[in-house]
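Trainee: Before I use terms such as "buried" or "contact", I should like to see how each is justified.
Mentor: Then let us set values against definitions.
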Amino acid sequence: MKPIEYKELFERELFESCIPFWLAHGVDEVNGGLYSCLDREGNIYSTDKSVWMQGRCAYMFSKLSDTFGARKEWLDLAKSCLDFLEEHCIDSDGRMYFTVTKDGRPLRKRRYMFSETFYIIANAEYYKATGDETALKRARKYYDFVCAMYDDPATDPYKITPKSVPGVRDTKALAVPMILLNVTAVMFKADKERYDLYDKRARSLVEDVKSFRFGDTGFMLESVGLNGEYYGEVSSARVVNPGHSIELSWFLMDEAEREGDDELFAYAERIFNTAIDFGWDAKYGGILYFRDLEGKPVEAYEHDMKLWWPHNEAVIASLKLYKKTGNPKYWEYFERVADYAFKHFSDFKYGEWYGYLRRDGKPTEPPCKGHTYKGPFHVLRMLTQGIEILTELAAEDK
């Protein structure tokens, strides 16, 4: 297919399938915010609310308005999620909860900072879409809050205890600096007045991310020692999540483009090439969820499943690489992943995408469209970015 044909496919999927699914089934008209635990048809199977998803939904529907033109129903949902977060999801110490009841009573709070990071990008993007200065102030406040937490997690008021007994095998997780790098990219676009602050932080985060590379290869480990040590005698240290590495690759591409750093772009390109080749399932197609760096057994039960979001990230990354380099192999990667994903994840009957497939590409039973970790984010972000890039490629193709 040509770029224009994929663009039209992405537009149909976004505007006729995914957006309508969430607007029809996810909106909580009584309590505000979003229900994300939806079955195949959109029925709610759990009323508990993911704090992550309130932020991600507010970000995405603000992004849609900023990209394609403001629509009342999009901004209404974004504001409903932001209001719900503000009223119910922030603890007295400033930290945010992980899950709450449908009416906002706290259920669970976790040690990491992802609820806060999605709150930041939600407010930043809502400011971009509406000009609401209050949202920008919230984004700035929590950006500073999260960066302080990242720099010194054990201090007041965070007091984040280590996941393991300290002093034996102290480790750090790739997910944290990579997400903060993306959050910083969002803040760059929303908050021009603090450019120097974000520039300094972004460059520092890139260096932090590089400490997760395995030797001189393109492999990115999910966890390493505090100084980048590789504890290869234990299985958890050998884990590679190809989808995470692919997502990171385009975060780094964006930063390389911002800095005009060709060397960093090449670094990101190598990460993508390594991850897509390592993660691709030669037997059934699709991207495997976890692999062991040394080919040994993986302890996680879902290691050979196919999840929606790695495929979303691979579409974005391959399109960015093709647009930048013109190398036809990246268009081939794009088509391979997109064709697999639309064939196996997209539900042409009820809308949106399945979250989980077995290794053979069949949805788990009963299938779901959303849960605590899956909502209107990865798929919609892929389609939005895809439309933008494919529009440019289609214009060049004439």
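The exchange below treats one residue, one sheet and one helix in turn.

Mentor: This is a predicted model, in which local features need pLDDT of at least 70, side-chain atom pairs count only at pLDDT 80 or more, and totals for chains, interfaces and linings use all residues. Residues are numbered from 1 along each chain as its sequence is written, and side-chain values use heavy atoms, with hydrogens and water left out.

Trainee: Why is isoleucine 246 called buried?
Mentor: Buried means under 20% relative accessible area, exposed over 50%, and partly exposed in between (1.4 Å probe, protein chains only). Isoleucine 246 has a relative accessible area of 0%, and is therefore buried.

Trainee: What does isoleucine 246 touch, not counting residues up to four places away in sequence?
Mentor: With contact meaning heavy atoms within 4.5 Å, isoleucine 246 touches Phe272, Ala275, Ile276, Ile287, Glu313, Ala314 and Ala317. Alanine 275 lies 29 residues away in sequence, yet the C-alpha atoms of the two are 6.3 Å apart.

Trainee: What makes S2 and S3 a pair?
Mentor: Two strands pair if DSSP finds at least two bridges between them; strands (E, at least two residues) and helices (H or I, at least four) are DSSP runs, numbered from the N terminus. S2 (residues 99-100) and S3 have two bridges, in the antiparallel sense. Threonine 99 has arginine 108 of S3 as its bridge partner.

Trainee: How do you know that the span of helix H7 agrees with expectation?
Mentor: The expected span is 1.5 Å times one less than the number of residues. For the 16 residues of H7 (residues 195-210) this gives 22 Å, and the end C-alpha atoms are 23 Å apart, so the values agree.
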